[in-house]
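Visitor: I should like to learn how the features of a structural model are read, beginning with burial and moving on to helix packing and backbone geometry. May we work through an example together?

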Amino acid sequence: MAAPAPLRQRRPRRFRERKDVLHDLDDGELIKRYRLDRAGIIFVTDLVRGPLTNPTGRNQALTPEMKIIVLLRYLATGKMQLCSMDDLGPSQQTVSRVITETLMALSSNAILTQFITFPITPHETQRKIVDFQQIAGFPGVIGAIDGTHVRISAPSEFEGEYVNRKGYHSINVQVIFDAKYKITDIVAKWPGSVHDARILNESSLNRVVFGRGMVTDGCHLLGDSGYPSKKWLLTPYLRPQPGPQSNYNRAHKITRSVVERGIGQLKRRFHVLHGEIRVQPPSKVCQIIKVCAMLHNICKDRNIYIPAAEDDEEEVDDPLHLQPPQPPAAQRPREGLLYRDEFADLHFR
């Protein structure tokens, strides 16, 4: 009778050594890699420590801090591979799972609304008005609005709806900045084929905030000529006459440029928004966009600079928004146009 085969001993699992970046790197290097300093990383971690804490307590489980660091590295670079190659330890599969888990926690409405808030009270709106008026003397402005396209890979469902006028797949994001380049409102859910004007029309800003008079009269947003003129949304003249209209346009252009530079700052800080985001479904891309916006505001609150990089370029307004198609004058809201004439004549004569 043949002797029984010897039992094979199970090889112990071997884990890659993980770098303790919070203690091994100084704040300058942390900001360069993760866009936040040590205190900022801990601050963001504390926001979602509960949901990110592993209840099993198993060996080598990622700490909440490490999960935040993995996500920050991805948002800063747009490359999941760097998260596993950057001495952080997790495998590519773990990186993908951690990014999904951490995005879900940070993109909850309870977290986002702590850092992205639209000015409503008289005290808040007056502070915004003063800040904007210091730019070019344009009165009554509480925000500058624009849209920007974030490129995505072709989705498996409703693929055609995501193709924008430039022919690539995208999410069309509506964003409002204040004069200090903080985001006060963001809408990230619409396919790239949807026009800016429709996104605004369907937004809570139009239907609730301004539509129901939650903001005091005399408070305005500045938008480009792709938006309809309203009593609370001032757009430039397409063919300004000399005098008040030209003066109005000049101040409008300088003041509204805040949103163009703000979008540039957001995309330079988080390079994931620069290139094609290759995650599915599009709803996950929208989570990424909103979390980037929130983190941008946290960086502003904590006076964290945008690190320079060799491939950084000053972001200009998206070409899709430079010269949006205009409806005939007869189709544009007459009330908003009349209000703009009165406003220009009163303040820019």
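Guide: A residue counts as buried when its relative accessible area is under 20%, and as exposed when that area is over 50%. The model shown here is predicted.

Visitor: With that cut-off, what percentage of the residues of the protein chain count as buried?

Guide: Of the 349 residues in the protein chain, 52% count as buried. The chain has 15 helices and five strands. Among contacts between residues at least 6 apart in sequence, 69% join residues at least 24 apart.

Visitor: How is the packing of two helices described?

Guide: Two packed helices are described by the angle between their axes and by the distance between those axes. Helix α5, residues 64-77, offers several cases.

Visitor: At what angle do the axes of α3 and α5 cross?

Guide: The axes of α3 (residues 38-47) and α5 cross at roughly 110° and come within 9 Å. Angles of 65 to 115 degrees count as roughly perpendicular, and α3 and α5 are therefore roughly perpendicular to each other. The crossing of α3 past α5 is right-handed. On the α3 side, the contact is made by I41, V44 and T45, and on the α5 side by P64, E65, I68, I69 and L72. By class, this contact of α3 with α5 has six nonpolar residues, one polar residue and one charged residue.

Visitor: Which residues make the contact between α5 and α7?

Guide: The geometry may be taken before the residues. The axes of α5 and α7 come within 9 Å and cross at roughly 95°, so these two helices are roughly perpendicular to each other. The residues in contact are K67, I68, V70, L71 and Y74 of α5, together with V95, V98, I99, E101, T102, L103 and L106 of α7. The contact of α5 with α7 comprises nine nonpolar, one polar and two charged residues.

Visitor: How do α5 and α13 pack, and how far apart are their axes?

Guide: Helices α5 and α13 pack at an angle of about 100°, and their axes are 11 Å apart. These helices are therefore roughly perpendicular to each other. From α5, the residues L71, L72, Y74 and L75 meet I288, V291, C292 and L295 of α13. The contact of α5 with α13 has eight nonpolar residues, no polar ones and no charged ones.

Visitor: Let us turn to single residues. Is Q287 buried or exposed?

Guide: Q287 is buried, since its relative accessible area is 16% and the cut-off for burial is under 20%. Q287 belongs to helix α13, which spans residues 282-301. Leaving aside residues up to four places away in sequence, Q287 touches L103, M104 and S107. With S107 there is a polar contact between the two side chains, at 3.5 Å.

Visitor: Is Q93 buried or exposed?

Guide: Q93 is exposed, with a relative accessible area of 69%. This residue lies in helix α7, residues 92-106. Q93 and M80 are separated by 13 residues in sequence and by 10.0 Å in space, C-alpha to C-alpha.

Visitor: What does the side chain of S257 reach?

Guide: The side chain of S257 reaches the backbone oxygen of I254 at 2.6 Å. S257 is placed in helix α12 and is buried, with a relative accessible area of 13%.

Visitor: What is the general expectation for phi and for peptide bonds?

Guide: Most residues other than glycine have a negative phi, and most peptide bonds are trans. Residue R35, which is not a glycine, has a positive phi of about 75°. R35 is located in the loop between α2 (27-34) and α3, and is buried at a relative accessible area of 6%.

Visitor: Where is N303, and is this residue buried or exposed?

Guide: N303 sits in the loop between α13 and α14 (319-322). With 70% relative accessibility, N303 counts as exposed. N303 likewise is not a glycine and has a positive phi, of about 55°.

Visitor: Which residues does a cis peptide bond join?

Guide: A cis peptide bond joins Q280 and P281, with omega about 0°. P281 lies in the loop between α12 (244-269) and α13.

Terms used. Residues are numbered from 1 along each chain as its sequence is written. This is a predicted model: local features need pLDDT of at least 70, side-chain atom pairs count only at pLDDT 80 or more; totals for chains, interfaces and linings use all residues. Side-chain values use heavy atoms; hydrogens and water are left out. Axes are lines fitted to C-alpha atoms, for helices over the stretch in contact, and angles run from 0 to 180 degrees between N-to-C directions. Helices (H or I, at least four residues) and strands (E, at least two) are DSSP runs, numbered from the N terminus. Angles under 35 degrees count as roughly parallel, over 145 as roughly antiparallel, 65 to 115 as roughly perpendicular and the rest as oblique. A crossing is left-handed if the near helix is turned anticlockwise from the far one by less than a right angle, and right-handed if clockwise. Contact means heavy atoms within 4.5 Å. Ala, Val, Leu, Ile, Met, Phe, Trp, Tyr, Cys and Pro count as nonpolar, Asp, Glu, Lys and Arg as charged, and the others, Gly among them, as polar. Buried means under 20% relative accessible area, exposed over 50%, partly exposed in between (1.4 Å probe, protein chains only). A polar contact is a pair of N or O atoms within 3.5 Å; within protein, one must be able to donate a hydrogen and the other to accept it, and residues adjacent in sequence count only if both atoms are side-chain atoms.
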